[in-house]
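Here is a set of short exercises to help you find your way around a new structure. Try each task on your own before you read its solution.

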Amino acid sequence: MKTNSSQKAWWGAAFAVIVVCALVPVVWIIMLSLKTPETATDGSFIPHQWTLSNYSDIFKQSVFTSALRNSIGIGLIATSLAVLLASAAAYAIARLKFPGKQAILAVSLAVVMFPQISLVGPLYNLWRQIGLYDTWPGLIIPYMTFALPLSIYTLSAFFREIPWELEQAAQVDGATPFQAFRKVIAPLATPGIVTTFILVFIICWNDFIFAISLTSTNAAQTVPAAIAQFPGVSQFTQPIGDIAAAAVVVTIPVMILVLLFQRRIVSGLTAGAVKG
Amino acid sequence: MTSGTVTAPQSAPAKPQRAHLSDRARAERNLGFKLVAPALIVMVAVTAYPLISTVVLSLQRADLRFPDANKFIGLSNYGAVLRAPVWWQVVWHTVIITVVSVSIQFVLGMLLALAMHRMIFARGTLRAIALVPYAIVAVVAAYSWNYAWSLTSGWIPKLLGLSSDPLSHPFGSYVAIIVTEVWKNTPFMALLLLAGLALVPDELLEAAKVDGANAWQRFIRITVPLMKPAILVALLFRTLDAFRIFDTIYIFNQGANGTESISMLNYSTLLDRLNLGLGSAVSVLLFVFVGIIAFVFIKGFGAGSGPIGESS
């Protein structure tokens, strides 16, 4: 197809519309985080008085700093466990012949469709009884569980693309199936695993329902839950500047990951959905 | 690994391998079970206990405020929920939000997918930027739009010249919540559709063009039928997700102004009013709804062969 200048103009316009729609809310929350408390409610898009005080403010509050620590720690541990378990399962699904493949895929699909809110009540109850309420494992366990289906789908899609002749070659050379997996396939599988890791980390990082239901203090509260419970000046005023600054801080890590790994994330998200 | 070591033994074990086939097959099966078991056990254990416990609790009078009054009461909780006007109200709210937001997401997602598919320049940049709403924390997206719509702090009422707070009445609240959902979720819809678009061969479209089909005819007659599996998967995922809407409403108004969803009602019954019996009945009913939606999509429209990825 040849492109003439009017076509270019149309595509340029489409590009501009998409960029504006995608970015305006992000720019807005950044602008809001840079407003002084007095001008936070003036309703202008661009701050009249610029300040970084909201940021220094939140980093002085233990409710935010410990929430940030909890989010990072819980997210990394839950993601690592999910990707580890899912890698093993996905390898078996993509590669080995055994009955019961359909069962694990059916269970995964059921878990994906499970309304998470239905888990919250019983888990709240159980966690209080066995002492997991408001602890890291109390969030890691549900996060890992709900991350497993996506991890298994994405990883098995990636694993199917791997040139398995190499594995056979290694097995012919005398390697056991496990050695063949560890020494030959694992290095080839790394890009898929990294992509899955990022996707799963985003899910854990974003969670809100479990975080507000199963935690209550600095011990395990993650950032999304902490933001929603920031103490205001009074009961009826929200600390807009603090909330906006915390929102920007919690957004930055995922934004960097997405921009760096854009191509991989697109292929990872679509790989599980449509068979290639 | 050198090629010499690969080729040398290959010819030799060809015959003995046949004798060991059943051994190897058995070893492969065992390894398969061992590799799948941990993930399967975690998923079943963590979801099965709460599921069973929810069903059991839903058949009991179980109120954490009166822990000694627990008692088996059969289906009374379901009767109480299904007779309560508030239940049917939240179902209605949830259906409205789901249908409207998923429809808009589908139309915009398709346009976005077409743009990402056909864009003649800066395609990578476009995809990265389009991914931004997907990656943003749901709570952050909700706060950003909430403050944008609020009369006291936002730029949207100013832009639209509104004098009353749009978030103070149901219609404005619905518009704001649906806009937030659409903004956050359209990129994911577009990505799933984009994967479907990639399966449409260009030659087919060119051939139709030569035969005189215009752009709309080519889209409806060729592109859409060929990407039907991707469309159904995208709609299934998004519908299930929209039906469970919680975060956005919680941040906006915790269900005030007639925006309470099933998940909001479920949460407040369980964790604010601590009525585990009634709350569990709501959970089970929500689960049944989700099951029906999935069933209709998978059996009725034949979706689901895609996400499993194992159909062939």
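The exercises below concern this predicted model, and each comes with a worked solution.

**Exercise 1. Confidence**

Task: Find where confidence is lowest and highest in chain A and in chain B.

Solution:
- Start with the overall scores: the model has ipTM 0.88 and pTM 0.86.
- Next, take chain A, which averages a pLDDT of 86, with 94% of its residues at 70 or above. The lowest confidence in chain A belongs to helix α12 (residues 262-271), with a mean of 77, and the highest to α3(A), with 93.
- Now turn to chain B, where the average pLDDT is 84 and 90% of the residues score at least 70. Helix α1 (residues 3-11) of chain B is lowest, at a mean of 39, while helix α5 (residues 85-118) of chain B is highest, at 94.
- Finally, look at two stretches of chain B. Over residues 1-17 of chain B pLDDT stays under 50, and the model has nine contacts there beyond four places in sequence. Residues 306-312 of chain B also stay under 50, with 22 such contacts in the model.

**Exercise 2. The overall form of chain B**

Task: Compare the radius of gyration of chain B with that of a compact globule of 312 residues.

Solution:
- First, list the secondary structure: chain B has 16 helices and two strands.
- Then take the extent of the C-alpha trace of chain B, about 80 × 60 × 35 Å along its principal axes.
- For the comparison itself, a compact globule of 312 residues would come out near 20 Å, but chain B has a radius of gyration of 26 Å.
- Add two more figures for chain B. Of its 312 residues, 44% count as buried. Among its contacts with a separation of 6 or more, 70% join residues 24 or more positions apart.

**Exercise 3. Two helices of chain B**

Task: Check whether the expected and actual spans agree or disagree for helices α6 and α12 of chain B.

Solution:
- Begin with helix α6 (residues 123-135) of chain B. At 1.5 Å a residue, its 13 residues should span 18 Å, and the end C-alpha atoms are 18 Å apart, so the two agree.
- Ask next how enclosed α6(B) is. Because 10 of its 13 residues are buried, the rest of the structure largely encloses α6(B). Among the buried ones are B:Leu126, B:Arg127, B:Pro133 and B:Tyr134.
- Repeat the check for helix α12 (residues 228-243) of chain B: 16 residues should span 22 Å, and the end C-alpha atoms lie 22 Å apart, which agrees. This helix, α12(B), is mostly covered, with 14 of its 16 residues buried.

**Exercise 4. Where the chains meet**

Task: Describe the side of chain A that touches chain B, and the largest nonpolar core.

Solution:
- Count the contacting residues: 89 in chain A and 91 in chain B.
- On the chain A side, helix α1 (residues 5-33) of chain A gives the largest share, 12 residues. By class, that side of chain A has 66 nonpolar, 18 polar and five charged residues.
- Move on to the largest nonpolar core, which has 177 residues; A:Ala89, A:Leu148, B:Ala39 and B:Leu193 have the most contacts inside it. Helix α3 (residues 62-95) of chain A supplies the largest share of this core, 16 residues.
- Zoom in on A:Ala89. Beyond four places in sequence, A:Ala89 touches A:Ile104 and A:Ile152, along with B:Leu35, B:Val36 and B:Ala39.

**Exercise 5. Three residues**

Task: Decide whether A:Thr270, A:Asp134 and B:Asn257 are buried or partly exposed.

Solution:
- A:Thr270 sits in helix α12 of chain A. It counts as buried because it has 20 C-beta neighbours inside 10 Å. Beyond four places in sequence, A:Thr270 contacts B:Leu191, B:Leu192, B:Leu194 and B:Ala195.
- A:Asp134 lies in the loop between α5 (117-130) and α6 (136-160) of chain A. With 17 C-beta neighbours inside 10 Å, A:Asp134 counts as partly exposed. Its phi is positive, about 60°, although A:Asp134 is not a glycine.
- B:Asn257 is in the loop between α13 (247-252) and α14 (262-272) of chain B. With 18 other C-beta atoms within 10 Å, B:Asn257 is partly exposed. B:Asn257, a residue other than glycine, has a positive phi near 60°.

Methods: Residues are numbered from 1 along each chain as its sequence is written. Chains are lettered from A and ligands numbered from 1 in the order in which they are written. This is a predicted model: local features need pLDDT of at least 70, side-chain atom pairs count only at pLDDT 80 or more; totals for chains, interfaces and linings use all residues. Two residues are in contact if their C-beta atoms, placed from the backbone, lie within 7 Å. Helices (H or I, at least four residues) and strands (E, at least two) are DSSP runs, numbered from the N terminus. Ala, Val, Leu, Ile, Met, Phe, Trp, Tyr, Cys and Pro count as nonpolar, Asp, Glu, Lys and Arg as charged, and the others, Gly among them, as polar. pLDDT is the predictor's confidence in each residue, from 0 to 100. The expected span of a helix is 1.5 Å times one less than its number of residues. A residue is buried if 20 or more other C-beta atoms lie within 10 Å of its own, exposed if 12 or fewer, and partly exposed in between; C-beta atoms are placed from the backbone. The radius of gyration is taken over C-alpha atoms; the globule rule is 2.2 Å times the number of residues to the power 0.38. A nonpolar core is a set of buried Ala, Val, Leu, Ile, Met, Phe, Trp, Tyr and Cys residues joined through C-beta atoms within 7 Å.
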